[in-house]
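Visitor: I am new to this structure. Could you take me through a few parts of it?
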Amino acid sequence: MLKLKRVAIDTYRESIAYLSRACPLYRAEEFQALGRVEVKSGSHCIPATLNIVDDPSLLAPDELGLSEEAFRLFGRAEGSHVSIEHPRPVESLEAVRAKIQGRVLSEAEYHAVIRDVAAQRYSKMDIAAFLVGCASFMTPDEVLSLTKAMANVGHRLEWDHKMVVDKHCIGGIPGNRTSMIVVPIVMAHGLTIPKTSSRAITSPAGTADTMEVLARVDIGTDEMRAIVEKIGGCLVWGGRVNLSPADDVLITVERPLRIDTREQMVASILSKKLTAGARFLVLDIPVGPTAKVRSQEEAVRLRKLFQYVAGALDLPIEVVLTDGREPIGNGIGPMLEARDVMAVLRNEKTAPQDLRERAILLAGVLIEADAGITGGQGLRRARELLDSGAALKAMERIIEAQGPSGLSITPSPTGYEVLAPKDGVVMSIDCLRIARIARVAGAPAFKGAGVDLLKKTGDTARKGEPLYRIHAALPADLGFAADLAAQDSGFIVNGSPA
């Protein structure tokens, strides 16, 4: 038996085991690097990818190391006795091969695949094969089967409340932090809204990253339930609640491969909403030339697929197609977005009106789920709750209940302004480009980094006037972002790039 050692390496949702080449119990030749193994200790077992270590200062010959992710999942203390074995064949991979060859998979086959994905039995290569096979084609019934499978392997929340509502945006629009305004508005009305949100993977900020500027979001299931029971809602990180563990694993491969099909999007979103206990969902699909959904026709097809799968799962859904032609709000990056959110909730005159009106629209649709509201009055009610300060008080209750994040968050000290090259009118803003510039500047790793938009579409700009300001924590990051903006600022002024 080997002694377990926690190796402080973040392998981002991939379980890695480390074995010394000088190990006296197992030969490295028998357990090749990057091969799959099963790590065991009593009833505890976890599949992992093996790495071989030659440096004795990192790992002793009688030790087996586990990366941070693997150690967390394994659940055994350092020093515990462990062994390794060759893994058993993963039978569900036959279904993956069949999908690659073009066959329609059964519901049972999807359940088998997703069970093994959630149990970490698939390597990154296996997952990539599954994703590519599904990206080739999926029938609507296959999407339904995949959604059911992903929901069934997750932790399902049950609520005693008669009406539990939820809201989701498919993403792709920088600064679109409507959830942080919608949730307190809906709470103030009296509906229950346990909102779980994601962290950024390739964007400058996710809702969880932005909310963490204001309050703690790394909250477990029991504490989340207690908060919701007490105040009627929350804004927490979904990764800690573990609602759809298979989806969390799939995402780690989807993003680098840039696989983001509408079928996988539907299964991902609806599986998490089912396990969160939602009984009514409002879905925001922004449509624009640099958004995830580029045309009205594509948006309609996606809406119909969401409606078909949600209907089969008895989840009432309202799909709202919104304007995705430019970023929403002014700030792009956690601290800047949190500033905009609080400005809207405080009814400040300088608050971004596009963020305010988008949030009111979506909150109004959610409030319409209340049987006590006359049809068509949801929008008026949402505006009333925001204007009166009731929504701000609800947000203050959320912040108090979730507690301080404990992070030391300060504005990024360095900045750079991108200037208009000539007099004119801003005709368009490239969402993808602006998001990339904000991320290169350091967002969301540095909460204060990002882009502050000083002009929006339709605004007049004078030559030399700033279009936006880049904030970065490090001079190197600022240099990278400024160089990227110099190549393409993402702004079109009077028909030509700024």
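Guide: Lys124, Ile127, Ala128, Phe130 and Leu131 of helix 4 meet Val249, Leu250, Thr252, Val253, Glu254 and Leu257 of helix 10; contact means heavy atoms within 4.5 Å. Helices (H or I, at least four residues) and strands (E, at least two) are DSSP runs, numbered from the N terminus. The model is predicted: local features need pLDDT of at least 70 and side-chain atom pairs 80 or more, while totals for chains, interfaces and linings use all residues. Residues are numbered from 1 along each chain as its sequence is written, and side-chain values use heavy atoms, without hydrogens and water.

Visitor: What residue types make up the contact of helix 4 with helix 10?
Guide: That contact divides into eight nonpolar, one polar and two charged residues. Nonpolar covers Ala, Val, Leu, Ile, Met, Phe, Trp, Tyr, Cys and Pro; charged covers Asp, Glu, Lys and Arg; the others, Gly among them, are polar.

Visitor: Now a sheet: in what order do strands 16, 14, 18 and 19 run?
Guide: The four strands form an open sheet in the order 16-14-18-19, with antiparallel pairing. Two strands pair if DSSP finds at least two bridges between them.

Visitor: Why is one side of strand 16 and of strand 19 left without a neighbour?
Guide: Strand 16 (460-461) and strand 19 (496-497) stand at the edges of the sheet, so each has a single partner strand.

Visitor: Over how many bridges do strands 18 and 19 pair?
Guide: Strand 18 (residues 491-493) pairs with strand 19 over two bridges, in the antiparallel sense. Val493 stands opposite Ser496 of strand 19.
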